[in-house]
Amino acid sequence: LAQVPAGLPCDSYGETMSFMIYGESVHKDGENEKLTTAVRGGDALSTKVSWVAAAVANFAIQYNIGAANIAVPIMKSHMDLVVGNSAEQDFPEPLWAHYTLFGVAFAGTIAGMLVMGYVGDVVGTPTALCATNGLVIAGALGCAMAGFGRPELVYSSLVVFRFVVGFGAGGIYPLSAVSAADSVDTEAMTESEIARTVGAAFFWQTPGSLSPYLVALAVLQIPQFEDQTSFQFRAIFALGVVPAAFVLLTTLASVQSGAEAPVRRVTRPTGVTPEHFKLLVGTGGTWLIYDVAFFGFVVFLPSVLQELFRDQSLTQTCCQTIALCALSCVGIVLSIALVERLSTPLLSVIGFGLQTAAFVAVGAVASSDAPNATVLLGCLALLMVSLTFGPALTTFVIPTIVFPADVRSTYHGFSAACGKVGALIGALLFPVVNDVAGTPAVMYVLALVSCMGGVLSVVTLGIAPLVHKLPAVPQYGAVPID
């Protein structure tokens with residue numbers, strides 16, 4: 001029985017050998033033979049294709065998750081006008097759908113992160129990435145073709161297929177991060193180099209979150225015709241197929257061109273070491289708190305704008321949302337630039353502090369009897385920048401730095417699932433608090449939440465640069481291949 005550290009050359013362990021190392025098949029026959037990765041499938045994806053697939057996958061995540069944020073307001077409108085009376089709306093939303101439509105997508109996302117993150121470590125990132133994108137395609141098509149007829153039937157179909165979309169998009173989260181990390185040698189790179197590489201792929205979530213509003217703005221300009229609203233919201237959902245299909249076809253082509261013969265794999269353990277647990281509290285806890293704040297505001301941004309700027313059309317709401325979401329690019333770009341100079345944990349703490357201040361500012365301005373529209377939009381712009389600065393990037397990147405490659409996809413999926421638990425809390429918390437106490441109260445609650453995120457980040461992750469200090473899970477062993 002040979003015990004060889006994963007990822008090391010085999011020259012000092014004999015001239016010819018073949019065995020399983022932490023889920024990797026190693027065949028040594030001469031100095032030029034390389035490791036063949038069976039679990040992660042790293043050799044099947046070239047560096048460039050792996051990173052591009054990760055970037056487009058990140059775009060697909062946010063487009064498909066965010067499509068309902070503008071599609072539902074369109075469904076509840078009539079001829080581009082926001083209609084308060086449900087009897088005049090083209091697709092009046094049932095009360096049960098109001099409280100479940102967004103939540104069910106997040107529930108699917110949580111399940112997808114946990115399940116597909118583990119699957120990625122077992123069958124390989126490319127195979128799992130194909131499966132998750134296939135689910136996104138099926139869910140997006142299902143939403144686009146959601147029952148024709150009574151509104152109750154349409155919303156019932158949407159609830160089912162939004163769960164499918166959420167499950168697929170949730171699985172993409174850890175797999176796209178690992179795919180970006182697998183495109184480089186993470187063991188030989190510094191923290192800032194890894195953060196910049198993975199962060200550059202993560203950046204494409206920002207255009208992804210912006211795109212549904214651009215599509216909505218385009219379809220809202222179509223001349224009026226019968227069943228116009230039905231076409232508009234279905235077109236928004238249907239276009240989510242495009243980026244997911246690109247990732248699916250690209251990944252399939254890469255796997256087929258570089259596939260290796262199947263090998264027997266080591267059964268994966270389920271235990272968590274104390275070192276892993278402490279870092280999981282930090283990565284999962286900060287992601288949870290960040291998503292409470294982010295989704296508690298952004299998911300309902302059109303509703304917030306309609307509440308703060310009354311008597312405006314959906315086109316005006318789309319334009320305002322596009323302008324505010326475009327500012328999120330500023331936060332992400334600043335984060336990627338500063339990660340060269342600051343540690344990722346310190347960047348996280350600074351970001352939580354800026355969010356706290358921005359939420360307080362918006363709450364103070366919105367609480368006045370007659371808020372100045374220019375001042376309020378300026379505060380909202382600062383809030384959007386702060387929400388995409390710091391933890392927006394670090395929560396996605398840190399798990400790829402601190403966890404070993406053997407379980408990186410699983411633990412990243414767990415951390416991301418914690419984040420979507422926070423997103424679910426934010427999505428459910430916002431309408432309740434908003435109905436009871438109004439938008440200013442929501443801003444103050446989210447300011448407190450952001451402050452808690454900064455404290456947890458300091459306690460669990462510190463502010464010093466991160467290092468690859470965790471060994472592979474000790475239960476993994478090397479077993480001979482017959």
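**Exercise 1. Which residues is N133 in contact with, leaving aside its neighbours within four places in sequence?**

Start with the cut-off: contact means heavy atoms within 4.5 Å. Leaving aside neighbours within four places in sequence, N133 is in contact with I172, A244, V247 and L248. This is a predicted model, where local features need pLDDT of at least 70 and side-chain atom pairs count only at pLDDT 80 or more, while totals for chains, interfaces and linings use all residues. Residues are numbered from 1 along each chain as its sequence is written, and side-chain values use heavy atoms, with hydrogens and water left out.

Next, place the residue. N133 is found in helix α3, residues 125-144 (helices are DSSP runs of H or I with at least four residues, strands are runs of E with at least two, and both are numbered from the N terminus). Then check the cover: N133 has a relative accessible area of 0%, so call it buried (buried means under 20% relative accessible area, exposed over 50%, partly exposed in between, with a 1.4 Å probe and protein chains only).

**Exercise 2. Pick up V247 from that contact list: where is V247 placed, and what does V247 touch?**

Step one: V247 sits in helix α8, which covers residues 241-258. Step two: its relative accessible area is 0%, so V247 is buried too. Step three: not counting residues up to four places away in sequence, V247 touches A53, V56, A57, L129 and N133. Step four, a C-alpha check: V247 and A55 are 192 residues apart in sequence, yet 9.2 Å apart in space.

**Exercise 3. How many salt bridges does the structure hold, and which parts does the E93 and K76 pair tie together?**

Set the rule up: a salt bridge is a side-chain nitrogen of Lys or Arg within 4 Å of a carboxyl oxygen of Asp or Glu. The structure holds three of them.

- Take E93 and K76: their side chains meet at 3.2 Å, N to O. E93 lies in the loop between β4 (81-82) and α2, and K76 in the loop between α1 (47-75) and β3 (77-78), so this pair ties together parts 17 residues apart in sequence. E93 is buried at 16%, whereas K76 is partly exposed at 25% relative accessible area.
- Now D291 and K420, whose closest N and O atoms are 2.8 Å apart. D291 belongs to helix α9 (residues 274-298) and K420 to helix α16, so the parts tied together are 129 residues apart in sequence. Both partners are buried.
- Finish with E152 and R150, with closest N and O atoms 3.5 Å apart. E152 is partly exposed at 38%, and R150 is exposed at 56%.

**Exercise 4. Stay with helix α16: which residues form a nonpolar patch on the surface, and which helices supply at least two of its residues each?**

First the inside. A427 is in α16, residues 408-437, and is buried with a relative accessible area of 4%. A427 and D291 are 9.6 Å apart, C-alpha to C-alpha, with their positions 136 residues apart in sequence.

Now the outside. V436 is also found in α16, but at 71% relative accessibility V436 counts as exposed. L95, Y99, V432 and V436 form the nonpolar patch, with about 430 Å² of accessible area together. Patches take residues with over 30% relative accessible area and no salt bridge, joining nonpolar side chains (Val, Leu, Ile, Met, Phe, Trp, Tyr) within 5 Å and like charges within 9 Å; the areas come from the Shrake-Rupley method with a 1.4 Å probe, and for residues only the protein chains shown count as cover. Helices α2 (95-123) and α16 each supply at least two patch residues.

**Exercise 5. How many disulfides and aromatic pairs are there?**

Disulfides: a pair of cysteine sulfur atoms must lie within 2.5 Å, and the count is zero. Of the cysteines, C143 is buried at 0% and C451 is partly exposed at 40%.

Aromatic pairs: rings of Phe, Tyr and Trp (its six-membered ring) pair if their centres lie within 6.5 Å; planes under 30 degrees apart are stacked, over 60 edge-to-face, the rest tilted. That gives ten aromatic pairs. Ring pairs link F91, F233 and F237 into a cluster.

**Exercise 6. What do the totals for the chain look like?**

Count elements: 17 helices and five strands. Then cover: 57% of the 482 residues are buried. Last, among contacts between residues at least 6 apart in sequence, 82% join residues at least 24 apart.
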